[in-house]
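Here are a few notes to read alongside the structure, written as I would pass them across the desk. I hope they save you some clicking.

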Amino acid sequence: MSKTENRGTQRAVFGSRFAAIAATVGSAVGLGNIWRFPYEAGAHGGGAFVLCYLIFAFLIGVPVLIAEFVMGRGTRSNVLGAYRKLDPHHPWYWAGYMGIVGSMLILGFYTVVAGWTLEYCIESLFGMLDFSTESAGHDQFVKLTHGWHPVIWTVVFALCNFVILLRGVSKGIERLSNIMMPVLFVILLVFCVHSFFLPGFEEGCSFLFKPDFSKLTPSTLLGALGQAFFSLSLGLGCMITYASYFTEKTRLAQTAVTTMILDSAVAILSGIIIFPAVFSFGLSPSAGPTLVFEVLPNIFYRMAGGGIWSTLFFLLLFIASLTSTISLSEISISFFTEEKKLGRKRSTALSCGITLIISLLCALSMGPWQNLTLFGKNLFDLLDYVASNIIMPLGGMICSIFVGWCIERRFISDQLTDNGRNRFIWLRPLVFCLRWICPAAIFIIFLDSIGAI
Ligand code: PHE
């Protein structure tokens, strides 16, 4: 996010249009695409889930993303301040509190997975990953993540995140990610080509792309909706916060559509890499959160120069995770600095401190406290479920109702036309989606999934 300080004010801005897109894509593309998408698709029966996910990303995700952009750039505030500035008389700003809590819960489990990424990267750098047999992926995962390992790597990742946020070197890391994200994209393409030659390619692709509508259950719909929100970083105010750093020149709708396309492309590529391998190596697509970590190393093992590919891949995934955790942390940091007047350093320490505690609990729930469950889920799975399937869609629904019904149309159109400088012909359909389609769809999926209809 080539963030440059705005002289005279405290607020930072993303210097150029490209920087704004790079920052939003950096936030959107992360573990959600490469780790979460394949295992959710695998757990929910493949094609039908993928189709719903794409429809939701386009029909619900893009309008909500635009709504968040409008709120953020229009008010130049953190999530709470944005709601408050636009309507000081009603308690809409509670949605802001919900977003802040949600971001901390997500950081809780996200940091653990990002820690695994770092551990895999270092292990493969030193040639310590062994995948000589087909079940080795599973054994290796168990070995690498047993006991205190997740706790240690979670702390290491959290420290990286903290140091970057504290030093304000986000400029550097974002510049790095501007180079690394295209490299990640190219590498994914290389792995796709490799996938093509695996014996399970056809089976994997038909699992991913042929919708079997008998598998379309309420939980598939809710899962796909949650995935669309998670992947596009929606419903928490992350995009409100980032858009508050956009310049007047940033085209909001174009940025939203570009982000959605790139984000979905990375998710689909990741599916094309994972599922053929799953079927080729006789693994189960519904293995859950460990899926990618068990499958990927098997792929690398079979490639020429596998160790190098593996190190590079996990390094890139680590960087992609960092650009997402930075954006997640920014939600509460901007709240503490602007609403609580804590100062950037203190806000960063407070935000990172709280999330470190939550992530340590999550890490322990994957290791020594594995048997502690609530509603049949350990803490890690529970936080993921609550944040992605409840808080994010709910936050998105509130944002969409708020922008659709409570904000003057003039305000929205000023933002989308950059104060009349550009044309925007989609205003009516957009407002229609925000007023009716998005809230109704989210509401129905909710009711459906709790068995109320
Ligand atoms: N979209 C990110 C990913 O796919 C995760 C994220 C969620 C980031 C919410 C910011 C806010 O990995």
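A word on terms before the points: contact here means heavy atoms within 4.5 Å. Please also keep in mind that this is a predicted model.

1. Let me begin with a helix pair. Helix H10 covers residues 218–231 and helix H18 covers residues 427–449; the two pack at an angle of about 135°, and their axes lie 8 Å apart. That angle makes H10 oblique to H18, given that the oblique class leaves out angles over 145 degrees, which count as roughly antiparallel. As for handedness, the crossing of H10 and H18 is left-handed.

2. Which residues meet where H10 and H18 pack? From H10 come Pro-218, Leu-221, Leu-222, Leu-225 and Phe-229. Their counterparts in H18 are Ile-442, Ile-445, Phe-446, Asp-448 and Ser-449.

3. Staying with H18, you will find Phe-432 in this helix. Phe-432 is partly exposed, at a relative accessible area of 47%. If you want a distance to check, Phe-432 and His-194 are 44 Å apart in space, C-alpha to C-alpha, and 238 residues apart in sequence.

4. Next, have a look at helix H3, residues 47–75. Its 29 residues reach 40 Å from the first C-alpha to the last, close to the 42 Å expected at 1.5 Å a residue. There is nevertheless a kink of about 40° at Gly-61 in H3, shortly before the proline Pro-63. Just after H3 comes Arg-76, with a positive phi near 50°.

5. Is H3 largely enclosed or largely open? Of its 29 residues, 23 are buried, so H3 is largely enclosed by the rest of the structure.

6. Arg-76 turns up again in the surroundings of Thr-247. Thr-247 sits in the loop between helix H11 (238–243) and helix H12 (252–280). Its relative accessibility is 18%, so Thr-247 counts as buried, the cut-off being under 20%. Neighbours within four places in sequence aside, Thr-247 is in contact with Phe-14, Gly-15, Arg-73 and Arg-76.

7. Finally, try Ser-103, which is placed in helix H5 (residues 94–125). Is Ser-103 buried or exposed? With a relative accessible area of 0%, Ser-103 is buried. Setting aside neighbours within four places in sequence, its contacts are Leu-236, Leu-328 and Ile-331.

Technical notes:
Residues are numbered from 1 along each chain as its sequence is written. This is a predicted model: local features need pLDDT of at least 70, side-chain atom pairs count only at pLDDT 80 or more; totals for chains, interfaces and linings use all residues. Side-chain values use heavy atoms; hydrogens and water are left out. Helices (H or I, at least four residues) and strands (E, at least two) are DSSP runs, numbered from the N terminus. The expected span of a helix is 1.5 Å times one less than its number of residues. The bend at a residue is the angle between axes fitted to the seven residues ending there and the seven starting there. Buried means under 20% relative accessible area, exposed over 50%, partly exposed in between (1.4 Å probe, protein chains only). Axes are lines fitted to C-alpha atoms, for helices over the stretch in contact, and angles run from 0 to 180 degrees between N-to-C directions. Angles under 35 degrees count as roughly parallel, over 145 as roughly antiparallel, 65 to 115 as roughly perpendicular and the rest as oblique. A crossing is left-handed if the near helix is turned anticlockwise from the far one by less than a right angle, and right-handed if clockwise.
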